[in-house]
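Here are some friendly notes to read with the model open beside you. Take the points in order and find each residue on screen as you go.

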Amino acid sequence: MNALPQVGETGSAVPLGDIVPSFIRSLSPYVGGKPIEEVAREFGLDPDRIIKLASNENPLGFPESARQAILKEMHDLTRYPDGNGFQLKSALSSRYGLPQDWITLGSGSNDILELVAQVFLQKDPGQTSSAIYSEYGFIIYELISQARGARLIRTPARAGYGHDLDAMAAAIAPDTRVVFIANPNNPTGTFETPDKIEAFLNKVPSRVIVLLDEAYNEYLEPELRYDSTEWVRRFPNLVVTHTFSKAFGLAGLRVGFSFAQPAVTDMLNRVRQPFNVTSPAMAAATAMLNDQDYLSRSYALNRAGLTQLNQVFDRLGLESVPSFGNFVLVKVGQDAGAGERVNLELLKRGIIVRPVAGYGLPEWLRISVGTAEENEMLAHALKEVLAA
Ligand SMILES: *Cc1c(COP(=O)(O)O)cnc(C)c1O
């Protein structure tokens, strides 16, 4: 019998080099914002005094309407959820005006991004597939594409760190299956106008899926909003994803959804786990859809927070990218160690933000909009750190 591995031993008797594909072995795991408890332990801080501005969650706190809906759901958690999500889909269908068979539900919209990669980047033996995403585009696109063994095509950003849609269209190769676009994008906060997106959609051949990720859509000012459901009706190769994690305030529950024509939706449904969204999550999301009050407050708090943060950065003479989301990308120094250095100093002061060196932006930090008080604490700490 083999000896049990000892704690701390790193070798493995499984010949991983032989049985795990190289594209999996070379994946770098996703690095999220540090949890508050972890920072408290590492830096010996009181968790109640730590503020987290690192994962773009909603600073308003969990919506009361969602809490009530979950409490009502509690009596029946021995049963599996409705795998077709009838209630939530009908609520989405009324709100967005698309039939239920155009809707896919996910455990967060990341789940749906995975479904798209699974369906379209999979290849028959001897074939290749490629995925296109932008430099500084949401990192998950690269991760999930690499995890499927797809060829990765990263197009250079336009001036101002946004997606260069012309370059993305020009990069489409015979084996391209998916183009990923986040609008607004994370971590840059950049926005591409609807006329540009529409021109792009007109250029893309129908054998290429366009994934338009609208995670931050609810934060757009009314005059910038556009109705992508109309594009979903017109373009059979378009998948639009939305999330309940940001403006709707349900990040911990993991719920997202997508719109696509029934043929594509049907394919996503084939690889989806039958019970991928939990019943409390669906109940909360259904309630949230009618909680216009929470949504309006999310929006207003974010507008005020963006103004506040921009003023802080201006006062400190820091360059930042104008943001259309609920976070700001700010340049905290000129050298490649700046992001890490300022991040560490902020952590010591109980403020968690997000370094973005993994995006090729080592001089920058991404800072989520907090409450007015949290933004003020950040301002104070940042001033202190930069003066040191
Ligand atoms: C936060 C975010 C999402 C949403 O993720 P969920 O899995 O729904 O929590 C999707 N796309 C982008 C660009 C994001 O920043």
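**Notes on the fold**

1. A good place to begin is Ile181, which stands opposite Leu212 in β6. Please keep in mind that this is a predicted model. The strands behind this pairing are β5 (residues 176-182) and β6 (residues 209-213), which run parallel and are joined by 5 bridges.

2. Now step back to the sheet. It is open, has 7 strands in the order β2-β8-β7-β6-β5-β3-β4, and its pairing is mixed. At its edges are β2 (103-106) and β4 (151-155), each pairing on one side only. From one strand to the next, the twist averages 20 degrees. As a reminder, strands of a sheet pair through backbone hydrogen bonds, either parallel or antiparallel.

3. What lies across β3 (130-134), β4, β5 and β6? Look for helix α7 (residues 139-147), which runs at about 160 degrees to β5.

4. Next, the nonpolar cores. The largest one has 53 residues, and Leu88, Leu92, Ile181, Phe200, Leu238 and Phe244 are those with the most contacts inside it. Helix α12 (residues 279-289) gives the most to this core, with 6 residues. Apart from this core lies another, of 32 residues, including Phe120, Ala157, Ala260 and Leu361. The general background is simple: in soluble globular proteins, nonpolar side chains tend to be buried together.

5. Leu238 deserves a closer look. Which residues is Leu238 in contact with, leaving aside its neighbours within four places in sequence? They are Leu201, Val210, Leu212, Ser228, Trp231, Val232, Phe259 and Ala260. You have met Leu212 already, as the residue opposite Ile181.

6. Helices α5 (residues 86-96) and α12 make a nice exercise in geometry. Their axes come within 9 Å and cross at roughly 20 degrees. Angles under 35 degrees count as roughly parallel, and α5 and α12 are therefore roughly parallel to each other. Their crossing is left-handed. On the α5 side, Gln87, Leu88, Ala91, Leu92 and Arg95 meet Met282, Ala285, Thr286 and Leu289 of α12. Leu88 and Leu92 are also among the residues with the most contacts inside the largest core.

7. Strand β13 (residues 364-368) is mostly covered, with 5 of its 5 residues buried. In a regular strand the side chains alternate between the two faces of the sheet. In β13 both faces are covered: on one side Trp364, Arg366 and Ser368 are buried, and on the other Leu365 and Ile367 are buried.

8. Which strands pair with β13? Strand β10 (residues 327-331) does so in the antiparallel sense over 5 bridges, and strand β12 (residues 354-355) is joined to β13 by 2 bridges, again antiparallel. Try finding Leu365 here: Leu365 is the bridge partner of Val330 and the bridge partner of Pro355.

9. Finally, visit Gln122, in the loop between α6 (109-120) and β3. Is Gln122 buried or partly exposed? Its relative accessible area is 45%. Buried means under 20% and exposed over 50%, so Gln122 is partly exposed. Leaving aside neighbours within four places in sequence, Gln122 is in contact with Ala117 and Arg148. Gln122 and Ser145 are 23 residues apart in sequence, and their C-alpha atoms are 9.5 Å apart in space.

Notes
Residues numbered from 1 in each chain as written. Predicted model: local features only at pLDDT ≥ 70, side-chain atom pairs only at ≥ 80, totals over all residues. Heavy atoms only, no water. Core = buried A, V, L, I, M, F, W, Y, C linked by side-chain atoms within 4.5 Å. Buried < 20%, exposed > 50% of the residue type's maximum accessible area, 1.4 Å probe, protein only. Helix = DSSP H or I, 4+ residues; strand = E, 2+ residues; numbered from the N terminus. Contact = heavy atoms within 4.5 Å. Pairing = 2+ DSSP bridges. Axes fitted to C-alpha atoms, helices over the stretch in contact; angles between N-to-C directions. Parallel < 35°, antiparallel > 145°, perpendicular 65-115°, else oblique. Left-handed = near helix turned anticlockwise from the far one by under 90°.
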